[in-house]
Amino acid sequence: MLNFRVGDLVEVRSEAEILATLDERGELDGLPFMPEMLAYCGRRLTVHKVAHKLCDTQARTGLRKMERAVHLTGARCDGSAHGGCQTACSLYWKEAWIRRVAGEPAPPVQEPRLLPLLEVNTRKPAGDGGAERFACQATELLRAAPTCLPLKNVTQYVTDVRSGNVGPLRTLQSLAIGLFNRLQHLARRVLPRRLWLRGGLPWGFLKGRVTGPTPAQTLDLRPGELVRVKPKEEILKTLNADLLNRGMGFEQEMARYCGRTARVQARVERCIDEKTGAMLHMKNPCIVLEEVVCEGVHSLNCPREFVPFWREIWLERAV
C-alpha cells in the first residue's frame, strides 16, 4: 500500500522524532540519516519521487528494492559533512522521518542534538596509508536495499505508475528497452558474433571509437555559462571501447541530452567512491549542468536521478 505519492506535501519531522527511529549507527533499516539532512527538519517539501527501487552502481546487480522511502523536491546532499563531496545525490527519506501535512506546523520543542551521533558515523575505518574514508547513503545503499528486483517483477511497474513516478507510456518504453537489452545480452552469450543485432550493443548503440589514450579538451567553463551537449557521433570519437574518456564513463542516459543546451551549474573536483568510501580527487574537473539528471529510461525508471558528470570535451559553448 502506498503511503505517499509524487506531489504530496510533507513535513520533515523534528530531531527528537527522527532520533527515536535510529539505531546506534544513526540508521533506519540500514539507511543513514546524515548530518546534511538536519537542515530540513521542520521544513515542508513535496514528494519528488517514491524511492521504491534503485540501480546498483556498486556491484552492478541491476535494480534493488527499497522499502518505505521517498525523494523530496530540491533535497540533495551538499557534501558538507562528507569532505565536500560534489556528487549532489538526491537524499533518501524514510517514511518514518516525514509526516503528511495536515494543518499548522508542529510547535517547536526542546530537542536533543542529533549532530554528534550522525557525525561520528560519517566515517569508515581508514584506508591504505591512513586515507580518510566516508560513509553516506550512497556507500550504504546495498545494505539499505539488500533485495534484487528482477525485470519480471511486475509489481514495480504498477508502483511506478500508481506512485506518480512516471506515466504508463514511459513505463512501457523503459520496459521495452530493458527486454531488448536482456535479449542482446543473451545473444552475446549464445550466438556467434555474425548473428548479433547491431553488434550486440544495448539500446542506444553506443560504441567508442578510440583505441589507445582518449583525447582531452579544456574550455575552463564556469557556473552560469550556456553550453550545448555535442552530437553523439562527436562524443563517441572521444571514448574507448568501454565508453570511457580518461576513466570517466559516458552512458546511454547521457546520450539522450545530445544536442540540448543547458547552463553550467558547477565544476566538480571531488566525489566519494561509492564502493570504498574514499574521496576521489579529479585531475581535470568535470562539469554538472543545471536540471540535467539521469531520468532512468535505460534502467527501468530508477527514480534515483543521478547528476551526470560531463567532460568538457563533450560540451561546447552555445553562441
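So, strand S1, residues 9-12, and strand S4, residues 44-50: three bridges join these two, and they run antiparallel. Bear in mind that what we have here is a predicted model. If you want a spot to look at in that pairing, take Glu11, which stands opposite Arg44 in S4.

Now zoom out a bit. S1 and S4 belong to an open sheet of five strands, and the order across it is S8-S7-S4-S1-S9, with antiparallel pairing. Which strands stand at the edges? Those are S8, residues 93-94, and S9, residues 98-100. Each has a single partner strand, so one side of each is left without a neighbour in the sheet.

Back to Glu11 and Arg44 for a second, as they turn up again in the charges. Glu11, Arg13, Glu17, Arg44 and Arg99 are linked in a network of salt bridges. So the pair I just pointed out across S1 and S4 is also part of that network.

Okay, salt bridges in general. Side chains of opposite charge can pair when their charged atoms come close. How many salt bridges does a search of the whole structure find? The count is 23. I'll walk you through three of them.

One is Lys53 with Asp160, where the side chains meet at 2.9 Å, N to O. Lys53 lies in strand S5 and Asp160 in helix H4, residues 155-162, so this pair ties together parts that are 107 residues apart in sequence. Are these two buried or exposed? Lys53 is buried, because its relative accessible area is 0%. Asp160 is buried too, again because the relative accessible area is 0%. So that's a charged pair with both partners counted as buried.

Next, Arg123 and Glu132. Their side chains meet in a salt bridge at 2.7 Å, N to O. Here the setting is another story: Arg123 counts as partly exposed, at 35% relative accessibility, and Glu132 is also partly exposed, at 45%.

Then there's Glu274 with Arg304, with the closest N and O atoms 3.2 Å apart. Both sit in loops: Glu274 in the one between strand S16 (261-272) and strand S17 (279-289), Arg304 in the one between S17 and strand S18 (315-317). So this bridge ties together parts that are 30 residues apart in sequence. As for cover, Glu274 is buried with a relative accessible area of 14%, and Arg304 counts as buried at 5%.

While we're on loops, let me mention Gly259. You'll find Gly259 in the loop between helix H7 (252-255) and S16. At 46% relative accessibility, Gly259 counts as partly exposed. What I'd like you to see is the pairing in space with Arg228: the two residues are 31 apart in sequence, yet 6.1 Å apart C-alpha to C-alpha.

Two residues with backbone angles to look at. Arg60 has a phi near 55°, which is a positive value in a residue other than glycine. Where does Arg60 sit? In the loop between strand S5 (53-55) and strand S6 (63-65). Arg60 is exposed, because its relative accessible area is 60%, and the cut-off for exposed is over 50%.

Asp220 is the other one: positive phi of about 55°, and not a glycine either. Asp220 is in the loop between H5 and S13. At 37% relative accessibility, Asp220 falls in the partly exposed class.

That same loop takes us to the surface. Leu191 lies there too, between helix H5 (168-190) and strand S13 (226-229). Leu191 is partly exposed, with 37% relative accessibility. And Leu191 has company: together with Leu183, Leu186, Val190 and Leu195, it forms a nonpolar patch on the surface. The accessible area of the patch comes to about 470 Å² together.

Last stop, the inside. How many cavities of 30 Å³ or more are there? The count comes to one. About 60 Å³ of space lies in that largest cavity. Its lining is made of 13 residues, and the ones nearest the centre are Pro32, Phe33, Met34, Leu118 and Asn121. So if you want to find the cavity on screen, start from those residues.

Definitions and conventions. Residues numbered from 1 in each chain as written. Predicted model: local features only at pLDDT ≥ 70, side-chain atom pairs only at ≥ 80, totals over all residues. Heavy atoms only, no water. Patch = residues over 30% accessible without salt bridge, like charges linked within 9 Å, V, L, I, M, F, W, Y side chains within 5 Å. Areas by Shrake-Rupley, 256 points an atom, 1.4 Å probe, with all protein chains shown as cover. Salt bridge = Lys/Arg side-chain N within 4 Å of Asp/Glu carboxyl O. Helix = DSSP H or I, 4+ residues; strand = E, 2+ residues; numbered from the N terminus. Buried < 20%, exposed > 50% of the residue type's maximum accessible area, 1.4 Å probe, protein only. Pairing = 2+ DSSP bridges. 1 Å grid on protein atoms, 1.4 Å probe; cavity = no way out; pocket = protein on both sides within 12 Å on 5 of 7 lines; lining within 4 Å. Points joined across faces, edges and corners; volume = space filled by probe spheres on them.
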